[in-house]
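Dear colleague,

Please find the structure below, with its sequence. My notes on what was found in it follow directly after.

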Amino acid sequence: MLQQRLSLLRAAMAERNLPALLVSAAANRRYLSGFTGSSGTLLITPEHALLFTDGRYTIQAAREAPAFTLHETAAPERSLHMLLTQTVSDLNLDLVGFEAAHVSVAEHYALSKSFFDTPVELEPVDGLVEALREVKDADELATLRRAVEVTDAAFLAVLPHLRPDMTERQVAWMLEVAMRERGAEALAFPIIVAAGLNSALPHAHPGDAPLGEGRPITIDMGARVDGYHADMTRTITLGSPDATFQKIYAIVLEAQQRAIAALRAGLRCNAADAIARDHIAAAGYADAFRHSLGHGVGLDIHEGPSLRRAKPGHEASGPRLRAGNVVSIEPGIYLDDWGGVRIEDLAIITEDGCEVLSQVPT
């Protein structure tokens, strides 16, 4: 799979007449090489795949990225910039792209300084590797399935033990332990447990508020497995839900189900958002849906494609979903004086529909 990814990247580089690309973003570096270390830079050309990293990671890099030629950096006599300058010269390169979104001003200054006395031009590149990552291959889908399975199992294991006197923070810890015990290497993101009025905050932080009875409790969680992230949200209540909960929950669930039913390759991303948003608006809660319908998920918890609403007048334009995209579908309604409801699942886009990954009942 890694060789196929390199081939796709080289084809994309050729379309842009880009003879070389420096890859510094951690997720992009791992996607292309398999290297999981925290420090390293790739240099990709049509004929070469090079990995620059320091002595802490040389053994690891040799094991994880055998298809790459390893260059060990060591300050100051073999600094990254010195080695890059020498390597670029040896390869007779006159143009090198760099990931503009992942290079700081200071790093760009250092790169420019190292190439100052050479004919090499540095060209900012945006989203080249990220665009490839939007379509998951078979290995990625298998790993994402495992991450979702761990998340599902942890939620279902903890759910029967919840009590009204437990705090949001206690439940978040129980969920984290449950995911790690079932195979998570880490959390995909900080767990959200938000009870009562706190559930009106889409990105609430668990605190010491008790879960209580008869009020909304939003739980947003995900396991990270082999670098890939799961993402699931359920809104529950302990005891009997009030009439508002039943009404809001039914609207959000119907919005999600309508969007899921429409998902398929070729659908505009903004059209997917509109399907859920229009249903919520028709029910009288247009201003209470305060975020996009969803986002891509993979090596990053938020990546492309984005299922966001269209700008006014641009409803007939924008990117379309592709087979192999993995996206979250997470409509919500948030009421300041009551609380909120969000329901979220991950779905794999196919040519004629989608496959919802999470098996936790809604």
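In strand 14, L307 has G294 standing opposite. This pair belongs to the antiparallel pairing of strand 13 (residues 294-296) with strand 14 (residues 303-307), which are joined by 3 bridges. The two strands form a hairpin, and 6 residues lie between them. Please bear in mind throughout that this is a predicted model.

A second antiparallel pairing involves strand 8 and strand 9 (residues 217-221), with 4 bridges between them. Here I192 is found opposite D220 of strand 9. Strand 8 (residues 192-195) is covered on both faces: I192 and A194 are buried on one side, and V193 and A195 are buried on the other.

I turn next to the charged side chains. The whole structure contains 19 salt bridges, and the following are among them.

One salt bridge is formed by R169 and D208, whose closest N and O atoms are 3.1 Å apart. This contact links distant parts of the chain, since R169 is in helix 8 (residues 168-181) and D208 is in the loop between strand 8 and strand 9, 39 residues apart. With a relative accessible area of 44%, R169 is partly exposed, while D208 is exposed at 58%.

Another salt bridge joins the side chains of R234 and D345, at 2.8 Å from N to O. R234 belongs to strand 12 (residues 232-236) and D345 to strand 18 (residues 345-350), so this pair ties together parts that are 111 residues apart in sequence. Are these two residues buried or exposed? R234 is buried, because its relative accessible area is 2% and the limit for a buried residue is under 20%. D345 also counts as buried, with a relative accessibility of 5%.

The salt bridge between the side chains of D273 and R277 has an N to O distance of 2.7 Å. Both residues lie in helix 10 (residues 269-282), where they are 4 residues apart, about one turn of the helix. D273 is buried, having a relative accessible area of 1%, and R277 is buried as well, with a value of 11%.

Finally, a network of salt bridges links four residues: R133, K136, D300 and E303. Of these, E303 falls within strand 14 (residues 303-307), the strand that pairs with strand 13.

With kind regards

Key
Residues are numbered from 1 along each chain as its sequence is written. This is a predicted model: local features need pLDDT of at least 70, side-chain atom pairs count only at pLDDT 80 or more; totals for chains, interfaces and linings use all residues. Side-chain values use heavy atoms; hydrogens and water are left out. Two strands pair if DSSP finds at least two bridges between them. Buried means under 20% relative accessible area, exposed over 50%, partly exposed in between (1.4 Å probe, protein chains only).
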